[in-house]
Amino acid sequence: MEPILFKMACASGAQSRMSCEYVSHVQDKDGVTVTVKDRLTDKNFTVSAKYLVGADGGNSLVAEHASLPFEGKMGVGGSMNILFRADLSKYVAHRPSVLYWVMQPGADVGGIGMGLVRMVRPWNEWLIVWGYDINQPAPTVDAAMATQVARQLVGDPKLEIDLISANTWTVNNMYATSMQKDRVFIMGDAAHRHPPSNGLGSNTSIQDSFNLAWKLAAVLKGHAGPKLLDSYTQERGPIAKQIVTRANQSIAEFGPIFEALGMDGGVDHEKIRHNMDARCDATPAAEKQREALRKAIEFKKYEFDCHGVEMNQRYASVAIASESSKPPGDGIDMELHYVPTTWPGARLPHVWVFGKDGKPRSTLDITGKGHFTLLTGIGGEAWADAAKMIGKKLGMDIKVRVIGPRRDYEDHAGDWASAREVHDSGCILVRPDHHVAWRAMKASADAESELSTALLNILGH
Ligand SMILES: Cc1cc2nc3c(=O)[nH]c(=O)nc-3n(C[C@H](O)[C@H](O)[C@H](O)COP(=O)(O)OP(=O)(O)OC[C@H]3O[C@@H](n4cnc5c(N)ncnc54)[C@H](O)[C@@H]3O)c2cc1C
């Protein structure tokens with residue numbers, strides 16, 4: 001029996017295109033029995049599987065039926081998407097961008113706090129994101145309402161649009177504190193429900209599946225013990241909390257911009273317009289207002305230029321042979337800046353190395369792809385032999401890459417030597433999901449035993 005994954009392939013909530021849908025499940029110690037509805041015949045049938053993975057989005061039924069614990073709140077703001085065609089070249093072609101944030105009096109009611117005009121195709125297809133008051137029922141966004149919103153945001157009272165589609169959605173602030181109940185897992189928006197700020201949704205959802213897929217495969221193939229699966233929540237749970245917190249905080253951090261512009265959330269639009277215009281005056285107060293606005297915009301680097309949030313994910317779990325040393329990054333703003341490291345638990349840094357054909361390969365391309373990989377250098381031959389031997393014993397194909405002059409891969413510029421944090425004769429064991437599982441600083445007299453102990457622990461044997 002294979003695990004089953006409840007998920008449609010696209011991110012647009014295309015439930016209507018499914019022929020089957022998850023209805024309910026029961027699990028016992030050997031597997032999960034899932035009731036599925038065939039939408040064409042309207043009949044239910046059951047599927048038996050070893051594991052069930054709910055990737056069924058922000059209103060996950062799988063999470064609900066598994067009684068998984070959550071923290072936070074759903075529906076903290078209301079938003080609508082309006083997809084339309086209109087030629088806006090005269091407003092944007094000379095100042096090209098992908099996202100245009102539009103501050104208008106009245107835009108700071110509910111939702112994301114302002115209007116977002118997002119380019120879909122230059123310059124005639126657009127997506128507007130606009131807020132609605134969450135304390136009121138969600139509006140029906142018809143062509144008339146969509147046109148009115150588009151006219152207001154573009155600032156052209158005569159604008160005509162060709163509405164393609166519209167829907168409403170809520171800003172959520174909720175994450176699962178456990179992503180597993182025995183043989184049932186959740187991933188993606190099912191586990192972390194947050195607004196699009198920082199663009200964390202799809203990436204984090206894909207990371208969840210990258211994290212869980214190889215573990216399920218290893219357990220089902222008999223390479224790993226079921227304990228390995230405990231590491232899923234241990235590793236991805238803290239990330240769920242982190243990104244939900246970050247995305248919601250990024251909405252709150254628009255506040256100083258609204259404040260500097262004098263957008264007070266009130267309904268006196270004339271007053272707000274006057275406040276906004278005041279920044280253009282030649283007065284000390286206006287200069288202060290301009291400075292406040294500059295600072296408020298600069299602070300938004302925590303949403304728009306914030307690499308550390310995702311790149312510094314460092315796992316601590318049963319599937320990582322952690323080190324007692326302090327992880328690198330002391331004194332660095334870890335939300336803003338990526339600190340590459342091979343510290344166990346961190347994502348393997350990308351570095352270009354060169355194959356025998358002289359072509360550049362990323363360290364991320366010579367690792368992963370469903371396998372554990374051992375990276376070593378000159379003097380690390382014993383690690384390489386040990387990896388092959390252990391792989392044979394476990395029935396797993398552990399890949400070995402030796403990086404150094406006249407070896408599998410050359411490190412012409414010394415970039416790998418600078419990034420790897422171990423000696424030439426040391427080694428780094430990389431998991432199929434590109435996270436470092438374990439490393440040894442230098443050669444060992446008993447490489448096989450050391451590597452084998454580390455790997456067996458990681459695999460939950
Ligand atoms: C306006 C907006 C802008 C966004 N912008 C970004 C961005 O710039 N970058 C980014 O990374 N993310 C962004 N996101 C977030 C991103 O779209 C989501 O995080 C991502 O789609 C989540 O993927 P998922 O597979 O977990 O869930 P979903 O994409 O919601 O997929 C869940 C699937 O499960 C199906 N399903 C539901 N119930 C059942 C059932 N009972 N049985 C079977 N199937 C079921 C649904 O039909 C759907 O196809 C944005 C989201 C919004 C709303």
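Two strands count as paired if DSSP finds at least two bridges between them. I applied that rule to a predicted model.

**Entry: the sheet**

I looked up which strands join. Three do: they form an open sheet in the order β2-β3-β4. The pairing is antiparallel. I then noted the edges. They are β2, residues 20-27, and β4, residues 43-49. Each of these pairs on one side only. I also took the turn between neighbouring strands of this sheet. It is 25° on average, with direction ignored.

**Entry: β2 against β3**

How many bridges link β2 and β3? I found 7, in the antiparallel sense, with β3 spanning residues 32-38. I checked one partner by name. C20 has its bridge partner in β3, and that residue is D38. As a general reminder to myself, strands of a sheet pair through backbone hydrogen bonds, either parallel or antiparallel.

**Entry: domains**

I listed how the chain is divided. Domain 1 takes 4-71 + 178-246, and domain 2 takes 73-172. Domain 3 covers 255-299, and domain 4 covers 352-458.

**Entry: domain 2 against domain 3**

I placed the C-alpha centres of domain 2 and domain 3 at 22 Å apart. The contact takes 7 residues from domain 2 and 10 residues from domain 3. What area is buried between domain 2 and domain 3? I got about 750 Å², with 73% of that from carbon and sulfur atoms. Next I looked for charged pairs. The rule finds 0 salt bridges across the interface of domain 2 and domain 3. I looked for polar contacts too. The count between domain 2 and domain 3 is 0 residue pairs, taking both residues at pLDDT 80 or more.

Terms used. Residues are numbered from 1 along each chain as its sequence is written. This is a predicted model: local features need pLDDT of at least 70, side-chain atom pairs count only at pLDDT 80 or more; totals for chains, interfaces and linings use all residues. Side-chain values use heavy atoms; hydrogens and water are left out. Helices (H or I, at least four residues) and strands (E, at least two) are DSSP runs, numbered from the N terminus. Axes are lines fitted to C-alpha atoms, for helices over the stretch in contact, and angles run from 0 to 180 degrees between N-to-C directions. Domain bounds come from an automatic or database domain assignment. Contact means heavy atoms within 4.5 Å. Buried area is the accessible area (1.4 Å probe) that two parts lose on being put together, summed over both. A salt bridge is a side-chain nitrogen of Lys or Arg within 4 Å of a carboxyl oxygen of Asp or Glu. A polar contact is a pair of N or O atoms within 3.5 Å; within protein, one must be able to donate a hydrogen and the other to accept it, and residues adjacent in sequence count only if both atoms are side-chain atoms.
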